[in-house]
Amino acid sequence: MRRKASASTPRAGHVFVADSGNDRIQLFDAKSFAYVATLGTAGTAGTDNAHFNAPSSVFVNGATGQLYVADTGNQRVQIFETATLAYVATLGSTGAPGSDNLHSSADGCRVQPDDASDPGGRQWQ
(Lines give C-alpha, C1' and ligand atoms only; values in the text may rest on other atoms or scores of the structure.)
Protein backbone atom coordinates (compact mmCIF):
# COMPACT_ATOMS: atom_id res chain seq x y z
CA MET A 1 0.00 0.00 0.00
CA ARG A 2 1.10 3.49 -0.79
CA ARG A 3 -0.13 6.37 1.40
CA LYS A 4 -2.89 4.57 3.28
CA ALA A 5 -5.34 7.29 4.18
CA SER A 6 -8.01 5.61 6.29
CA ALA A 7 -9.45 2.31 7.42
CA SER A 8 -12.92 1.33 8.59
CA THR A 9 -13.55 -0.48 11.82
CA PRO A 10 -14.68 -4.07 11.31
CA ARG A 11 -18.27 -4.27 10.03
CA ALA A 12 -19.91 -7.46 8.83
CA GLY A 13 -16.58 -9.23 9.21
CA HIS A 14 -14.60 -6.94 6.91
CA VAL A 15 -12.15 -4.04 7.10
CA PHE A 16 -12.01 -1.52 4.23
CA VAL A 17 -8.76 0.41 3.66
CA ALA A 18 -8.39 3.52 1.49
CA ASP A 19 -5.06 3.02 -0.34
CA SER A 20 -4.73 6.56 -1.64
CA GLY A 21 -1.38 6.13 -3.38
CA ASN A 22 -2.69 3.22 -5.44
CA ASP A 23 -6.14 4.68 -6.24
CA ARG A 24 -8.01 1.75 -4.70
CA ILE A 25 -9.96 0.45 -1.72
CA GLN A 26 -8.73 -2.85 -0.25
CA LEU A 27 -11.08 -5.25 1.56
CA PHE A 28 -9.72 -7.62 4.21
CA ASP A 29 -11.26 -10.26 6.47
CA ALA A 30 -11.55 -8.76 9.97
CA LYS A 31 -10.49 -11.96 11.76
CA SER A 32 -7.70 -13.38 9.61
CA PHE A 33 -6.70 -10.13 7.84
CA ALA A 34 -6.66 -12.12 4.61
CA TYR A 35 -7.13 -10.14 1.40
CA VAL A 36 -10.70 -10.44 0.06
CA ALA A 37 -11.20 -7.94 -2.79
CA THR A 38 -10.29 -4.60 -4.35
CA LEU A 39 -12.47 -1.69 -5.45
CA GLY A 40 -10.78 0.38 -8.15
CA THR A 41 -7.80 -0.49 -10.32
CA ALA A 42 -4.44 -0.42 -8.56
CA GLY A 43 -2.28 2.45 -9.78
CA THR A 44 -4.83 3.63 -12.36
CA ALA A 45 -6.73 6.79 -11.49
CA GLY A 46 -9.96 7.43 -13.34
CA THR A 47 -13.30 9.18 -13.23
CA ASP A 48 -15.74 6.35 -13.99
CA ASN A 49 -17.50 4.35 -11.25
CA ALA A 50 -14.87 1.59 -11.36
CA HIS A 51 -11.94 3.91 -10.59
CA PHE A 52 -10.82 6.33 -7.90
CA ASN A 53 -8.34 9.19 -7.80
CA ALA A 54 -6.51 9.29 -4.45
CA PRO A 55 -9.35 8.06 -2.19
CA SER A 56 -8.71 9.52 1.25
CA SER A 57 -11.19 7.90 3.62
CA VAL A 58 -13.87 5.24 3.98
CA PHE A 59 -16.98 4.93 6.12
CA VAL A 60 -19.31 1.96 6.54
CA ASN A 61 -22.89 2.96 7.35
CA GLY A 62 -23.99 0.26 9.78
CA ALA A 63 -27.67 1.10 9.26
CA THR A 64 -27.66 0.69 5.47
CA GLY A 65 -24.69 -1.60 4.93
CA GLN A 66 -23.22 0.85 2.45
CA LEU A 67 -19.60 1.88 2.00
CA TYR A 68 -18.87 5.58 1.45
CA VAL A 69 -15.56 6.39 -0.25
CA ALA A 70 -14.17 9.94 -0.24
CA ASP A 71 -12.70 9.99 -3.75
CA THR A 72 -10.73 13.15 -3.06
CA GLY A 73 -8.97 13.54 -6.40
CA ASN A 74 -12.32 13.42 -8.18
CA GLN A 75 -14.10 15.75 -5.69
CA ARG A 76 -16.85 13.18 -5.02
CA VAL A 77 -18.09 10.54 -2.60
CA GLN A 78 -18.79 7.12 -4.13
CA ILE A 79 -21.30 4.76 -2.45
CA PHE A 80 -21.14 0.94 -2.72
CA GLU A 81 -23.01 -2.02 -1.20
CA THR A 82 -20.67 -3.73 1.27
CA ALA A 83 -22.16 -7.20 0.65
CA THR A 84 -21.71 -7.18 -3.14
CA LEU A 85 -19.36 -4.21 -3.72
CA ALA A 86 -21.89 -2.99 -6.31
CA TYR A 87 -21.87 0.71 -7.16
CA VAL A 88 -24.89 2.59 -5.75
CA ALA A 89 -24.48 6.35 -6.27
CA THR A 90 -22.18 9.36 -6.48
CA LEU A 91 -22.37 12.45 -4.26
CA GLY A 92 -20.88 15.52 -5.91
CA SER A 93 -19.90 16.16 -9.53
CA THR A 94 -16.89 14.17 -10.68
CA GLY A 95 -13.85 16.38 -11.18
CA ALA A 96 -15.88 19.57 -10.79
CA PRO A 97 -15.10 21.44 -7.56
CA GLY A 98 -17.53 24.08 -6.35
CA SER A 99 -19.19 25.56 -3.32
CA ASP A 100 -22.87 24.87 -4.08
CA ASN A 101 -24.84 21.84 -2.87
CA LEU A 102 -23.96 19.76 -5.96
CA HIS A 103 -20.16 19.97 -5.67
CA SER A 104 -17.43 19.48 -3.09
CA SER A 105 -14.60 21.90 -2.40
CA ALA A 106 -11.61 22.31 -4.70
CA ASP A 107 -9.30 20.80 -2.10
CA GLY A 108 -11.21 17.51 -2.12
CA CYS A 109 -13.58 15.83 0.27
CA ARG A 110 -13.54 13.55 3.29
CA VAL A 111 -16.07 11.34 4.99
CA GLN A 112 -16.05 10.97 8.75
CA PRO A 113 -14.09 7.79 9.49
CA ASP A 114 -16.35 5.25 11.15
CA ASP A 115 -13.80 4.61 13.88
CA ALA A 116 -15.26 7.76 15.48
CA SER A 117 -18.24 5.70 16.61
CA ASP A 118 -18.76 2.39 18.36
CA PRO A 119 -20.64 -0.59 16.85
CA GLY A 120 -23.86 0.74 18.43
CA GLY A 121 -23.51 3.95 16.40
CA ARG A 122 -22.66 6.22 19.36
CA GLN A 123 -20.24 8.99 18.42
CA TRP A 124 -16.99 9.50 20.33
CA GLN A 125 -16.03 13.05 21.26
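Strands here are DSSP runs of E at least two residues long, numbered from the N terminus. With that convention in hand, Ala-54 can be placed in the loop between β4 (35-40) and β5. The model examined is a predicted one, and the loop residue Ala-54 is a pleasant place to begin. Its phi is near 60°, a positive value in a residue other than glycine. Ala-54 has a relative accessible area of 23% and is therefore partly exposed, since the buried class ends at 20% and the exposed class starts over 50%.

A second residue with this kind of backbone angle is Gln-75, which has a positive phi of about 50° although it is not a glycine. Gln-75 lies in the loop between β6 (66-71) and β7. At 11% relative accessibility, Gln-75 counts as buried.

Turning to the overall architecture, the protein contains eight strands and zero helices, and reading along the sequence gives the pattern β-β-β-β-β-β-β-β. The protein has 125 residues, of which 42% count as buried. Its accessible surface comes to about 6500 Å², with 54% of that area belonging to carbon and sulfur atoms. Among contacts with a separation of 6 or more, 34% are made by residues 24 or more positions apart.

Four of the strands form an open sheet in the order β5-β6-β7-β8, with antiparallel pairing. The edges are taken by β5 (55-61) and β8 (87-91); each has a single partner strand, so one side of each is left without a neighbour in the sheet. On average, neighbouring strands of this sheet are turned by 20° against each other, direction ignored. At the β8 end, strand β7 (residues 76-81) is joined to β8 by four bridges, and the two run antiparallel. Within this region, Val-77 stands opposite Leu-91 in β8.

What makes up the largest nonpolar core? The core holds 12 residues in all: Phe-16, Ala-18, Ile-25, Leu-27, Ala-37, Leu-39, Phe-52, Val-58, Val-60, Leu-67, Val-69 and Phe-80. Two or more residues each come from β2 (14-19), β3 (24-29), β4, β5 and β6. In soluble globular proteins, nonpolar side chains tend to be buried together. Leu-39 offers a handy view of the packing: leaving aside residues up to four places away in sequence, Leu-39 touches Arg-24, Ile-25, Phe-52, Leu-67, Phe-80 and Leu-85. Of these partners, Arg-24 leads on to the charged side chains.

The structure holds two salt bridges. Side chains of opposite charge can pair when their charged atoms come close. In one salt bridge, Asp-19 pairs with Arg-24, and their closest N and O atoms are 2.7 Å apart. Are these two residues buried or exposed? Asp-19 has a relative accessible area of 0% and is buried; Arg-24, at 16%, is buried as well, because the class covers values under 20%.

The other salt bridge links Asp-71 with Arg-76, with the closest N and O atoms 2.6 Å apart. Asp-71 counts as buried at 0% relative accessibility, and Arg-76 is likewise buried, with a relative accessible area of 0%. Arg-76 also falls within β7, which spans residues 76-81, while the loop between β6 (66-71) and β7 is where Gln-75 is found.

Technical notes:
Residues are numbered from 1 along each chain as its sequence is written. This is a predicted model: local features need pLDDT of at least 70, side-chain atom pairs count only at pLDDT 80 or more; totals for chains, interfaces and linings use all residues. Side-chain values use heavy atoms; hydrogens and water are left out. Two strands pair if DSSP finds at least two bridges between them. Axes are lines fitted to C-alpha atoms, for helices over the stretch in contact, and angles run from 0 to 180 degrees between N-to-C directions. Buried means under 20% relative accessible area, exposed over 50%, partly exposed in between (1.4 Å probe, protein chains only). Contact means heavy atoms within 4.5 Å. Accessible areas come from the Shrake-Rupley method with a 1.4 Å probe; for residues, only the protein chains shown count as cover. A salt bridge is a side-chain nitrogen of Lys or Arg within 4 Å of a carboxyl oxygen of Asp or Glu. A nonpolar core is a set of buried Ala, Val, Leu, Ile, Met, Phe, Trp, Tyr and Cys residues joined through side-chain atoms within 4.5 Å.
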